[in-house]
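Good morning, and thank you for making time for this item. I would ask you to keep the sequence and the structure in view while I speak.

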Amino acid sequence: MLWLLWPLFWLQARHVRRVTLRMPEPPGQRTGVAGRGSLVRLLVAGDSGAAGVGAPTQDQALCGHLVRCLSSHHRVEWRVIAVKGLDSPGLLQLLHQAPHEQFDVVVLSMGANDATGLCAPLDWALWQSKLAELIDQRFAPTLLVHSAVPPMHACLALPQPLRCFMGLWARQMNQRLIERMADQTGRILQWHPATTTQVGLAADGIHPSSEGYATWAEGLGTRILRTFNP
């Protein structure tokens with residue numbers, strides 16, 4: 001069935017690339033300090049989700065919302081290292097170039113571009129292990145949070161049946177990562193909220209809006225605080 005539908009998927013993917021609104025990375029600070037209390041050093045790294053594409057400013061993007069959540073309990077020193085369009089090999093190269101720095105928490109937003117490039121789910125899980133090894137070497141975090149591949153079945157810019165297929169592919173990527181992380185400590189997978197309404201999506205129908213980032217950050221923040229506020 002997949003091979004029968006492949007020409008249709010290819011045509012739909014070409015159409016999406018041609019007509020989808022291209023949104024920039026939002027302006028704003030990518031490093032800072034906020035809050036009071038015990039120190040939590042936070043790195044948000046990855047693709048366009050980490051870079052905040054779809055939000056008007058960095059303050060309304062993923063890291064901005066996450067810092068507000070964490071800084072109500074801690075003093076947060078934070079940094080964003082992200083570029084839209086990155087896949088996992090691209091992020092590995094970017095982090096290789098980053099200076100050694102101590103972080104307590106690293107949040108990875110990675111997978112959407114790997115999915116659209118049809119990176120095999122098992123290969124993708126192996127790339128996440130390579131990223132985890134590099135992050136441990138350069139940043140030595142207490143907690144590495146893999147934000148799951150986004151719910152691509154909810155991306156309104158994708159027509160059916162391509163949207164359904166990409167949603168299934170993303171689920172398989174997440175499942176292979178869960179299996180690979182089963183016996184590891186200090187690494188967790190946080191599921192992305194299933195944004196399915198216009199309120200949670202930006203104008204391009206792919207990236208989160210400010211409201212979508214707020215929901216995403218709330219789930220991440222709650223999970224992170226369980227580690228630092230047991």
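Met110 is found in the loop that runs between strand E4 (105-109) and helix H5 (112-116). I should say at once that this is a predicted model. Is Met110 buried or exposed? Its relative accessible area is 4%, and Met110 is therefore buried, the cut-off being under 20%. Its surroundings come in part from elsewhere in the sequence. Leaving aside neighbours within four places in sequence, Met110 is in contact with Gly46, Asp47, Leu86, Asp87, Ser88, Leu91, Trp124, Gln128, Ser147 and Val149. Take Ser88 as one case: Met110 and Ser88 are 22 residues apart in sequence, yet their C-alpha atoms are 6.7 Å apart in space.

Met110 also belongs to the lining of the largest cavity, together with Leu108, Trp124, Gln128, His146, Ser147, Ala148, Leu177 and Leu189. The search of the whole structure finds 1 cavity of 30 Å³ or more, and the space in the largest cavity is about 40 Å³. Which elements each supply at least two residues of that lining? They are helix H6 (121-139) and strand E5 (143-147). By class, the lining of this cavity holds 6 nonpolar residues, 3 polar residues and no charged ones.

I turn from the cavity to the largest pocket, whose volume is about 1,000 Å³. Its lining is made up of 41 residues, and those nearest the centre are Ala112, Asn113, Thr116, Met152 and Ile206. Two or more residues of this lining come from each of helix H1 (2-19), helix H2 (48-51), H5 and H7. H1 gives the most, with 7 residues. The classes of the pocket lining are 24 nonpolar, 11 polar and 6 charged residues.

Next, the aromatic residues. How many aromatic pairs does a search of the whole structure find? The number is 3, and I shall describe two. Phe103 and Phe139 form an edge-to-face pair, with 5.6 Å from centre to centre and 75° between the planes. This pair links distant parts of the chain, since Phe103 is in the loop between helix H4 (88-97) and E4 while Phe139 is in helix H6, 36 residues apart. Both Phe103 and Phe139 are buried.

The other pair I wish to show is that of Phe165 and Trp169, which is tilted, at 5.7 Å centre to centre and 50° between the planes. Here both residues lie in helix H7 (residues 162-180), 4 residues apart, or about one turn of the helix. Why does that spacing matter for direction? An α-helix has 3.6 residues a turn, so residues three or four places apart point the same way. Phe165 has a relative accessible area of 13% and is therefore buried, the limit being under 20%.

One further ring deserves mention: the charged end of Lys130 sits over the ring of Trp127, 4.2 Å from its centre.

Let us now consider helix H3 (residues 62-71). Of its 10 residues, 8 are buried, so H3 is largely enclosed by the rest of the structure. The buried residues are Leu62, Cys63, Gly64, His65, Leu66, Val67, Leu70 and Ser71. What do they pack against? Their partners are strand E1 (31-34), strand E2 (39-46), H2, strand E3 (75-82), E4 and helix H8 (210-228).

Finally, I would draw your attention to the backbone at three places. The peptide bond from Gln160 to Pro161 is cis, with omega near 5°, and Pro161 is in the loop between E5 and H7.

Leu118, in the loop between H5 and H6, has a phi near 55°, a positive value in a residue other than glycine. With a relative accessibility of 28%, Leu118 counts as partly exposed.

Ala140, in the loop between H6 and E5, likewise has a positive phi, about 45°, although it is not a glycine. Ala140 is partly exposed, at 35% relative accessibility.

To close, I return to the residue with which I began: Met110 is buried and takes its place in the lining of the largest cavity. Thank you for your attention.

Key:
Residues are numbered from 1 along each chain as its sequence is written. This is a predicted model: local features need pLDDT of at least 70, side-chain atom pairs count only at pLDDT 80 or more; totals for chains, interfaces and linings use all residues. Side-chain values use heavy atoms; hydrogens and water are left out. On a 1 Å grid over the protein atoms alone, a cavity is a set of points where a 1.4 Å probe fits but cannot get out, and a pocket is an open set with protein on both sides within 12 Å along at least five of seven lines; lining residues have an atom within 4 Å of a point. Grid points are joined across faces, edges and corners, and a volume is the space filled by probe spheres set on the points. Ala, Val, Leu, Ile, Met, Phe, Trp, Tyr, Cys and Pro count as nonpolar, Asp, Glu, Lys and Arg as charged, and the others, Gly among them, as polar. Buried means under 20% relative accessible area, exposed over 50%, partly exposed in between (1.4 Å probe, protein chains only). Contact means heavy atoms within 4.5 Å. Rings of Phe, Tyr and Trp (its six-membered ring) pair if their centres lie within 6.5 Å; planes under 30 degrees apart count as stacked, over 60 as edge-to-face and the rest as tilted. A charge sits over a ring if NZ of Lys or CZ of Arg is within 6 Å of the ring centre and within 35 degrees of the ring normal.
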